[in-house]
Protein chains: 2
Amino acid sequence: MPERVGDIGEFGLIGRINELLRREGAFSERVTIGIGDDTAAFLPRPGYEILVTCDAMVEGRHYLPQYMRSFDVGRRAMALNISDIGAMGGRPLYALVSLGLKAEMAVQEIEEMYRGFLAELNPVGASIIGGNLTHSGNGGFIDITLIGEVEKGKALRRSGARPGDAILVTGYPGQAGAGLQLLLQNPQDPRILEEPLVQIYLTPSHRAPLGAAIGQSGRATAMIDTSDGFLGDLGHICEESRVGAELFQERIPIHENLRQAARRLRRDPVDFFLGESDDYELVITCRPSEVGPLRSLAERYLPVPLTEIGRITDHAREVLLILPDGTRRPLRAKSWDHFRRSDPPE
Amino acid sequence: MPERVGDIGEFGLIGRINELLRREGAFSERVTIGIGDDTAAFLPRPGYEILVTCDAMVEGRHYLPQYMRSFDVGRRAMALNISDIGAMGGRPLYALVSLGLKAEMAVQEIEEMYRGFLAELNPVGASIIGGNLTHSGNGGFIDITLIGEVEKGKALRRSGARPGDAILVTGYPGQAGAGLQLLLQNPQDPRILEEPLVQIYLTPSHRAPLGAAIGQSGRATAMIDTSDGFLGDLGHICEESRVGAELFQERIPIHENLRQAARRLRRDPVDFFLGESDDYELVITCRPSEVGPLRSLAERYLPVPLTEIGRITDHAREVLLILPDGTRRPLRAKSWDHFRRSDPPE
């Protein structure tokens, strides 16, 4: 019988997690009080602003335990928070992990989830400094608060885009969303887990180191990650900057894998690019003269291209898709909304 | 029909909450980015450490919607996080609120919950700067991350108690736990909600302003709040400080209301004091010469007494109750453990 959470209790589990973090986690000398007191504490760096974000994943809704290893669930939960810090141009530093657990969960699975957190935190030099464990009889949840830093005044907001700015995107948004659809349409097929797009859905990449470098460079005017889908997040920039956007369809980066998957799913790959969430790519706006320097910067950080796909206009909140024949098609933001009917199945 | 979360969607709800916070919440000039971007941001004060804590409450387990108004659920969730910051000697500044919600929840109830958060935050000058809303089909949860500050080097840890130190406690721990028992034993009686101890359970007080003043004064050696029950939390101090403790039974502050409730519940009131959680009083250790000055300080902040009830010994981890006849009774920490069988009913 594997050891269960109920066997060792809350304080037993905290002890086990602390040991794991001490052994396998990164160490930060600015942390003055770590896990094991009423609060954690750290000494901020002079001249830096503190960034803070939180994001929750609910079992059966944001992660599917039947398809995902605990390690990957942990990676995914941490990656999406790291992505948010990167999208501000910041560097992640400290995480607090709050878990809702069932008493019958295996201790080993929880340890694997923490190894997943560390697999994302260690490479960026960030560490877990606190959290909370609570009994949640009705289904698990993972709620992560991630703290980061950015040099004073250099945070990249949604509100800085100006008419005439270029619109850039990293990588190939839409792949993870197509991967999820493949998974949901073929739940019984074990080979489905080896599909490249399903892999991208299960272990998404963030672009936080590039985001931090862009913030530091001062070359961008606005930045956001595609957690609500490309169009939803471009919509956030348009909304907050009171601008519009034109996208050139022929420039939209569609990976060959997405093209094939879209055929199988009988959908337009551009729809996946525009509408699906679950990728954590960056949308960046900048003056046209900064496109070249930002491309050079991106080459140092990314295994994927940075593509210029459109420009910001002064038609507030109007987003147009320009087809190859010059037709202008208005687009409506179709973004992930947690409470609407269009949500993925529970 | 009241308006439901599913009617207005995630972004509609975020808009409504933002309006409420702008209208009714405190403003902080050090917040450089508030709600509405990938992360929030603030400028830390030079010479201060940042404190950070999180605590989750799960519906049906840590709060009972059938007995508690949403406003009180919000107050309670925020009060217990504020208590943690105060127990470090710090001052609360910024909260992130992560909610797991059902689509059928009434928008007005959620707004009332936020008013409950503000009822605790506004008096201490703290504000909500971010958060997350997520669909949780199986039952709600409230997870709060609270950020505070403490002057560099002045955080009060669990590990600072030394043999010979006095042990002080604020107020009358055990009352909230007895209130919960009264509530659970008389669920059908509407008058039960007016019982003073039930009221204390439903809207607990924290002692954070006193905690911050004690931290600032430098007069205490260790401090903790009684969120795990008095004995559990004194146990944490003994564990982390590698010391023991003696408590004098006749000095234990038992309120007349608790004495009466304990009679009705056929239990020893001292058991409630030692074992029950749900009060957020402070346990403080200090050199004997500091007891007087700390009492004077407490009189300025507290409507309840600060009582010296024992002393720290060099018998590591041994906690003794000294009875009026001099008998020494060893005590075992019986503290709140979220996953053990002894938990309150779900």
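**Exercise 1. State how far apart the C-alpha centres of domain 1 and domain 2 of chain A lie, and describe where the two domains touch.**

Step 1. The C-alpha centres of the two domains of chain A are 27 Å apart. This is a predicted model: local features need pLDDT of at least 70, side-chain atom pairs count only at pLDDT 80 or more, and totals for chains, interfaces and linings use all residues. Residues are numbered from 1 along each chain as its sequence is written, with chains lettered from A and ligands numbered from 1 in the order in which they are written.

Step 2. Set the bounds. Domain 1 of chain A covers 5-151 and domain 2 covers 158-331; such bounds come from an automatic or database domain assignment.

Step 3. Count contacts (C-beta atoms, placed from the backbone, within 7 Å). Domain 1 of chain A brings 21 residues, domain 2 of chain A brings 19.

Step 4. Find the main supplier. Helix 2 of chain A gives eleven residues, the largest share of the domain 1 side. Helices (H or I, at least four residues) and strands (E, at least two) are DSSP runs, numbered from the N terminus.

**Exercise 2. Describe how chain A meets chain B.**

Step 1. In chain A, 61 residues are in contact with 61 residues of chain B.

Step 2. Strand 3 (residues 48-58) of chain A supplies nine residues, the largest share of the chain A side.

Step 3. Look at the pairing (at least two DSSP bridges between two strands). Strand 3 of chain A runs antiparallel to strand 2 (residues 40-42) of chain B, over three bridges. A:Ile50 stands opposite B:Phe42.
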